[in-house]
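Visitor: I keep hearing labels for bits of a protein, and I'd like to know what earns them. Could you walk me through a few?

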Amino acid sequence: MNYLSVENISKSYGERVLFTDISFGINQGQKIGFVAKNGTGKTSLLNILSGDDAPDTGEVVYRKNLKVSFLSQEPNLDPKRTVEEAILASENPILKTIAAYERALENPEDTETYQAAFDAMDAQNAWDFETRYKQTLSKLKLDDLNQQVASLSGGQKKRLALAMALLTNPDLLVMDEPTNHLDLEMIEWLEDLFAKENFTLFMVTHDRYFLERVCNEIIELDQGNLYTYKGNYSYYLEKRDARIENQATETEKAKQLYKKELDWMRRQPKARTTKSKSRIEDFHEIKARASKRRNDHEIQLELNMERLGTKVVELHNISKAYDDKELFTNFEYNFLRGERVGIIGKNGTGKSTFLNVITGKQAPDTGKVVIGETVKFGYYTQKGIHIKPAQKVIDVVREFGDYIPLKKGRQISAQQLLERFLFDRKKQYDYVEKLSGGERKRLYLCTVLIKNPNFLILDEPTNDLDIVTLNVLESFLLDFPGCLIVVSHDRYFMDKIVDHLFVFKGKGEIQDFPGNYSDYRTYEDSKPKNEPKAKPETAETTQTNSNKETNKAKLSYHEQKEHRNLEKEIAKLEKEKEALQNKFATENWTGEEIDKQSLKLQELIDTIEEKEMRWFELSEKTE
């Protein structure tokens, strides 16, 4: 079933042509990744699909009554709303039913309202969707539904927009960089969701593992032409290389034929026969084919790096906390020359703060950071480049000088340096504010490397960079002789360039793991898992399946209330038990205190078992 048809659309900005007369379709069940270089029209195409922009020619035709959700790079959310209000403002009526039911649960003494909300959930068969709703909010760490949108960080806004897009339950989901601002756990959850569920997707993403594991088709926009590959990312790479090689062969053949025909054109008599006129027309076509060449310039990165001494960076028992939240506690580490460290962990566990402490932008609460005399930091932050009004690209680089020193006493002009970063002479006089997101990141990378650092720190460098630029950056980093610290959710990128990981596990703990991200996942998956006793899912995750069917009506109202309260009580007791068990390993208790706490632990275990037995008893009535 065809959902959408793009018919012969073109788009230009002044003299800059992005694409001309391109056409494609999106059918039900397709999961399409859209690939192109930065600045060649990816976001412009998505804006045309969403209706935020119009093509110069052609049209986009949607199937009648098709429900479409769009996730943009910079979500446009109403700042006056709360998180919950923003979600409920979507077009899915089931969300409002779920919200009414949640409010009724908070006031169980109002039996009439509760029963009405319960009946509405049954009528719309909303129990399964409630599970998905709660799981989505939990996985994307949208816990405070009353928080104002205006107070959210950029990453939180992106996650809220993603939740809204998913919960609209669309027929077609169109996304621009969906994995930006997600931590690795969130990305893997989203990856699993898209791989298993029957979504129809059209997305732009630089995350190559995501493309590999989710997409069943890749569409590439290359030099104004569209190419379609019916397979995942690995299949696309294989077929793309074959296409480029074939094009190079055809161009070479055309050049040989052109030379032959050019000689004929020069020698032919003035008299024109019908046959010669036809050959002349063919000559112009051959000339066009022979003149084709790929514009595959690659970024040329070069550093005039000062050699690191024996002392690099030493971390002596550093700690940092905000309020009662410990980010890292008594962490000690000495960096050696040439180390390549990746940093992973959930959002909010202190990764960026750790980098700020190392570079002196923030002071540790305790401990100290000792920097070697020869160390010169290059710090690529998530904030990106600071855009000044009416500043041109060339002006950004000229702030560092008209000439930039290179290796062996050589130097390069600001214009030549920008050309190495794929900004041609015309582009260098564009205003920075007009650059695409990926082009701004490329310019920012240029300003970081221009300082010739020997200790490079990259905080989410892969966001918004196209795959071509990422490949060049990876090659550069593999040859980079200095120290390297990278925070990234791009698993492919991390696997390729780091030797070991700092895993931020929360509660002040940092684990030093000897391997890359895939090694770490394999290690985590291979660890024996303690099979927990069957018990109700907690409120922190989702409602249990016993909430799904109308047969729950077999429980009386008071039993329904008790059943739901038991879930919350068991979850609370489990947390108390876990906290107490952890104290046995950390507290320096006397023998008497150990006996006392052991009795308390046994009481908790007995209470949990008692409440679980009652929960099972009530659950059996619904079966």
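Guide: Here is a short chat about salt bridges, burial and a pair of helices. This is a predicted model, where local features need pLDDT of at least 70 and side-chain atom pairs count only at pLDDT 80 or more, while totals for chains, interfaces and linings use all residues. Residues are numbered from 1 along each chain as its sequence is written, and side-chain values use heavy atoms, with hydrogens and water left out.

Visitor: What makes Lys11 and Asp56 a salt bridge?

Guide: The label needs a side-chain nitrogen of Lys or Arg within 4 Å of a carboxyl oxygen of Asp or Glu. For Lys11 and Asp56 the N to O distance is 3.7 Å, so the pair fits the rule. Lys11 belongs to strand S1 (residues 2-13), and Asp56 to the loop between helix H1 (42-50) and strand S4 (57-62), 45 residues apart. Helices (H or I, at least four residues) and strands (E, at least two) are DSSP runs, numbered from the N terminus.

Visitor: Why is Lys11 called buried?

Guide: Buried means under 20% relative accessible area, exposed over 50%, and partly exposed in between (1.4 Å probe, protein chains only). Lys11 has 7%, so it is buried. Asp56, at 44%, falls in between and therefore counts as partly exposed.

Visitor: How do you know that Arg243 and Asp222 form a salt bridge?

Guide: Their closest N and O atoms are 3.4 Å apart, so they pass the 4 Å cut-off. Arg243 sits in helix H9 (residues 233-267) and Asp222 in strand S8 (residues 217-222). Arg243 is buried because its relative accessibility is 13%, and Asp222 is buried too because its value is 6%.

Visitor: How many salt bridges does the structure hold?

Guide: There are 28. Another one joins Arg491 and Asp207, with the closest N and O atoms 3.3 Å apart.

Visitor: Why are H3 and H5 called roughly perpendicular?

Guide: Angles under 35 degrees count as roughly parallel, over 145 as roughly antiparallel, 65 to 115 as roughly perpendicular, and the rest as oblique. Helix H3 (residues 93-106) and helix H5 (residues 127-139) cross at roughly 85 degrees, their axes coming within 10 Å. So the pair earns the label roughly perpendicular. Axes are lines fitted to C-alpha atoms, for helices over the stretch in contact, and angles run from 0 to 180 degrees between N-to-C directions.
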